[in-house]
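This report looks at how the interior of one protein model is filled and where open or enclosed space remains. The cores are taken up before the pockets and the cavity.

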Amino acid sequence: MLKFKGSIKISGDKSISHRALILSAMSVGKSKITNLLESDDVMSTMKILKHLGIKIFREGNNWIVYGNGSNGFIEPDKPLDCGNSGTTARLMIGAVSSNPINCSFIGDNSLSKRSMSRVTQHLEKIGSEVFLTRKDYLPLMINGSDKLLPSIHKIQKASAQIKSALILAAINIHGKTKIIENIPTRDHTERLLKFLGVKFKIKKLRNRSTQIELDGPYEIKSKNIEVAGDPSSASFFVVGALIVPNSKVTLKNIMLNPSRIAFLKILKQMGGKLKIKKTRKICGEEVGNISAEYSQLKGVIIPSSLSSFLIDEYPILAIAASQARGKTVMKGLSELRHKESDRINSILFNFKKLGINITEKNDNLSIYGKKLKVDKNLIIKSFNDHRIAMSFSILNILFQNKLKIDNQKCIAISYPDFKKHLNYLLKKTNG
Ligand code: S3P
């Protein structure tokens with residue numbers, strides 16, 4: 001029998017790694033980035049920045065970026081390839097929009113089916129010229145300009161990518177830009193900007209709305225950045241320890257930003273034995289260690305108000321729910337349809353194959369926990385989606401790895417060391 005046991009330092013956070021590279025590139029001078037996540041998505045951002053004239057190289061375990069300032073991108077001589085990365089596409093479209101250069105953006109099959117107009121509609125309103133495929137998709141061309149208008153943007157969708165794209169654009173816009181988000185989303189861009197000494201205002205409005213006011217253009221002075229461990233990557237081993245008997249793990253150096261660790265709150269409500277210990281603050285983010293041990297979980301209702309804070313953790317929470325007593329309901333999952341795969345469909349498809357009782361209605365999922373027996377020849381479809389492949393790799397431990405999971409290469413999108421860390425934490429137990 002297998003169990004999870006031991007302690008490990010989790011790889012750098014994906015969201016912060018993208019932002020560390022982009023904001024270092026938009027700063028003036030040399031930055032050293034420590035613990036950058038070297039995943040396929042982050043490498044897509046790095047390659048694009050290099051094509052925009054930014055000097056970036058590895059020095060020992062760190063990355064060095066020579067920033068050209070907020071108006072310093074050079075027109076690229078080929079299309080900017082975002083690969084599979086929505087964050088790269090959305091954030092970089094925003095970042096180049098207020099530089100006077102013309103760029104085209106491309107991506108892989110999955111990314112070419114994901115909406116880009118959610119960002120470009122705001123940029124067009126302030127003077128950007130954008131040409132999209134079928135009015136919404138990559139490939140797209142954007143004619144950037146340093147004369148974009150300062151304006152008020154109201155973001156209706158819960159998306160940190162849209163917000164961050166508009167913040168990056170506003171850094172080189174002359175005058176006051178106001179960005180209002182109706183539903184709060186992860187705030188790494190704001191925290192990193194503050195750490196870099198950029199002066200801007202954040203105001204809580206009525207309901208759950210927040211207004212960010214920037215008064216550009218800004219000159220950002222470069223600073224060294226350390227990237228904290230990725231809580232979304234940690235979530236796989238947290239759930240692994242909770243559902244596999246006799247397990248106990250400690251995951252170290254995890255970023256504990258409240259907008260990213262709502263999954264811990266849910267797992268605690270489910271009866272998970274979890275301990276969180278804050279240890280320090282780096283580059284504006286709290287960091288600490290998380291311990292988890294095997295627990296008998298019970299089903300819960302997860303309200304839609306939490307969906308933007310759980311957005312990347314629903315697949316692994318669904319795995320936890322499949323092992324809990326009773327029914328778990330996950331509400332308000334519509335944004336999951338627009339990720340690397342349609343994650344509602346990816347979860348439904350594989351759960352039904354495994355014989356787990358799951359239903360979907362109006363983008364809500366209901367899952368009934370059940371002890372399962374597994375047929376050796378079952379093949380789980382990852383849909384080329386890293387979080388689906390990792391979630392079922394965790395469930396597979398309960399089945400002594402009898403399931404086959406197709407296309408596991410996609411795991412390198414966000415967590416290239418996942419298999420290495422998984423094997424390190426797995427121990428054999430008797431009986
Ligand atoms: C991200 C924001 C989220 C998340 C993605 C990374 C970011 O997307 O799903 O993995 O780094 O800003 P949305 O904010 O668009 O939902």
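## Nonpolar cores

A nonpolar core is here a set of buried Ala, Val, Leu, Ile, Met, Phe, Trp, Tyr and Cys residues joined through side-chain atoms within 4.5 Å, where buried means under 20% relative accessible area. The model under discussion is a predicted one. Its largest nonpolar core holds 76 residues, and among these Phe4, Phe237, Val238, Leu251 and Leu267 touch the most other members. Helix H7, which spans residues 231-243, gives the most to this core, with eight residues.

The surroundings of Val238 can be described in some detail: leaving aside residues up to four places away in sequence, Val238 touches Leu251, Phe263, Leu264, Leu267, Leu274, Ile290 and Ala292. A second core, separate from the one just described, has 68 residues and includes Met46, Ile142, Ala169 and Ala170. In soluble globular proteins, nonpolar side chains tend to be buried together.

## The largest pocket

The largest pocket encloses about 510 Å³ of space. Its lining is made up of 38 residues, of which Ala158, Ser159, Ala160, Ile311 and Lys339 lie nearest the centre of the pocket. Three elements give two or more residues to this lining, namely helix H1 (14-25), helix H3 (86-97) and helix H5 (160-170).

When the residues lining the largest pocket are sorted by class, 18 are charged and 16 are polar, while four are nonpolar.

## The second largest pocket

About 440 Å³ of space lies in the second largest pocket, which is lined by 23 residues. Those nearest its centre are Met1, Ile243, Pro245, Leu398 and Gln400. The elements giving two or more residues to the lining of this pocket are H7 and helix H11 (386-398); H7 is also the helix that gives the most to the largest nonpolar core.

By class, the lining of the second largest pocket divides into 13 nonpolar, seven polar and three charged residues.

## The enclosed cavity

How many cavities of 30 Å³ or more does the count give? The count comes to one cavity, and the space in the largest cavity is about 60 Å³. The residues that line the largest cavity are Ile16, His188, Arg191, Leu192, Glu226, Ala228, Ile282, Cys283 and Glu285.

Helix H6, running over residues 188-195, gives the most to the lining of the largest cavity, with three residues. Sorted by class, this lining has five nonpolar residues, one polar residue and three charged residues.

Notes:
Residues are numbered from 1 along each chain as its sequence is written. This is a predicted model: local features need pLDDT of at least 70, side-chain atom pairs count only at pLDDT 80 or more; totals for chains, interfaces and linings use all residues. Side-chain values use heavy atoms; hydrogens and water are left out. Buried means under 20% relative accessible area, exposed over 50%, partly exposed in between (1.4 Å probe, protein chains only). Helices (H or I, at least four residues) and strands (E, at least two) are DSSP runs, numbered from the N terminus. Contact means heavy atoms within 4.5 Å. On a 1 Å grid over the protein atoms alone, a cavity is a set of points where a 1.4 Å probe fits but cannot get out, and a pocket is an open set with protein on both sides within 12 Å along at least five of seven lines; lining residues have an atom within 4 Å of a point. Grid points are joined across faces, edges and corners, and a volume is the space filled by probe spheres set on the points. Ala, Val, Leu, Ile, Met, Phe, Trp, Tyr, Cys and Pro count as nonpolar, Asp, Glu, Lys and Arg as charged, and the others, Gly among them, as polar.
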